[in-house]
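The following exercises are to be worked with the sequence and the coordinates at hand. Each task is followed by a solution in steps.

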Amino acid sequence: MFSDLNEFLGCSTPDAWVVAALANQDVMLIDHGNCEKKAAGTAFQLMFRYVDKPDLQNKMSRLAREELRHFEQVLAILRRRGIPLRNVSSSRYAAGLRELVRNHEPFRLTDTLVIGAFIEARSCERFARLVPHLDEELGKFYHGLLKSEARHFQDYLKLAYQYGEAADVDATILRVRERERELVESADCEFRFHSGVPQAA
């Protein structure tokens, strides 16, 4: 499962991002919580937009419930650690990927599903990178997320091939992979869960 995921991604998370994450765990947790909410929101949007696709409805309903449960778990960790919730701006990552979405069907759907697969795959890869360096509570929590995030990656990818033409989905993966790699490996002005390499202050 994880070997397929890492092969799908175009690069590994740079070590400099891991260092920044460990030094900014409050921001990491708040932004991670935001990402879980956004993932649930994306699932809901797909459910309302594509009401005629029962397999998508089922997968996205399950995914939304899991993402909201993860958000609740992040909230509990923030509370236990005395980290107050505050506004944290979004990273450029998801918006940068969504610039690639074509605005006509069926390509809009398959592009959105492929991008969803990349976001879930990158989240899983970053959890795995962080786990060995975290305290017991956070390490156990992030390790516990690996299987569900990998399954979400697979669900998005399977739906893309189900609702799109294989050759087009393959081409979309190559297109999105290149952009995703650029966003992950290039310098970023601030640290976020899906940011690129944070610039030194």
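**Exercise 1. Which residues does M28 touch, not counting residues up to four places away in sequence?**

Solution. Step 1: M28 touches A21, L130, L134, L138, Y142, F191 and F193 once residues up to four places away in sequence are set aside; contact means heavy atoms within 4.5 Å. The model is a predicted one, in which local features need pLDDT of at least 70 and side-chain atom pairs count only at pLDDT 80 or more, while totals for chains, interfaces and linings use all residues. Residues are numbered from 1 along each chain as its sequence is written, and side-chain values use heavy atoms, with hydrogens and water left out.

Step 2: Place M28 in its wider setting. The largest nonpolar core has 62 residues, and M28, M60, L130 and Y142 are those with the most contacts inside it. Such a core is a set of buried Ala, Val, Leu, Ile, Met, Phe, Trp, Tyr and Cys residues joined through side-chain atoms within 4.5 Å. Buried means under 20% relative accessible area, exposed over 50%, and partly exposed in between (1.4 Å probe, protein chains only).

Step 3: Identify the contributing helices, which are DSSP runs (H or I, at least four residues) numbered from the N terminus. Among those that each supply at least two residues of this core are helix 3 (25–49), helix 4 (54–80) and helix 7 (136–163). Helix 7 gives the most, with 12 residues. In soluble globular proteins, nonpolar side chains tend to be buried together.

**Exercise 2. Determine how helix 6 is placed against helix 7 and against helix 8.**

Solution. Step 1: The axes of helix 6 and helix 7 come within 8 Å and cross at roughly 160°. Axes are lines fitted to C-alpha atoms over the stretch in contact, and angles run from 0 to 180 degrees between N-to-C directions. Helix 6 is therefore roughly antiparallel to helix 7, a label given to angles over 145 degrees; under 35 counts as roughly parallel, 65 to 115 as roughly perpendicular and the rest as oblique.

Step 2: By class, the contact of helix 6 with helix 7 has 19 nonpolar, 4 polar and 2 charged residues. Asp, Glu, Lys and Arg count as charged, Ala, Val, Leu, Ile, Met, Phe, Trp, Tyr, Cys and Pro as nonpolar, and the others, Gly among them, as polar.

Step 3: Helix 6 (residues 107–130) packs with helix 8 (residues 166–185) at about 45°, their axes 10 Å apart. The two are therefore oblique to each other. In this contact there are 8 nonpolar, 2 polar and 7 charged residues.

**Exercise 3. Is T172 buried or exposed, and what does T172 contact?**

Solution. Step 1: T172 lies in helix 8 and is buried, with a relative accessible area of 2%.

Step 2: Leaving aside neighbours within four places in sequence, T172 is in contact with R102, D111 and V114. The C-alpha atoms of T172 and F107 are separated by 9.4 Å, although the two are 65 residues apart along the chain.

**Exercise 4. Compare the settings of H70 and R129.**

Solution. Step 1: H70, in helix 4, is buried at a relative accessible area of 7%. Its contacts beyond four places in sequence are E36, F141, L145, S148, E149 and H152.

Step 2: R129, in helix 6, is partly exposed at 23% relative accessible area. Not counting residues up to four places away in sequence, R129 touches T13, P14, D15 and V18.
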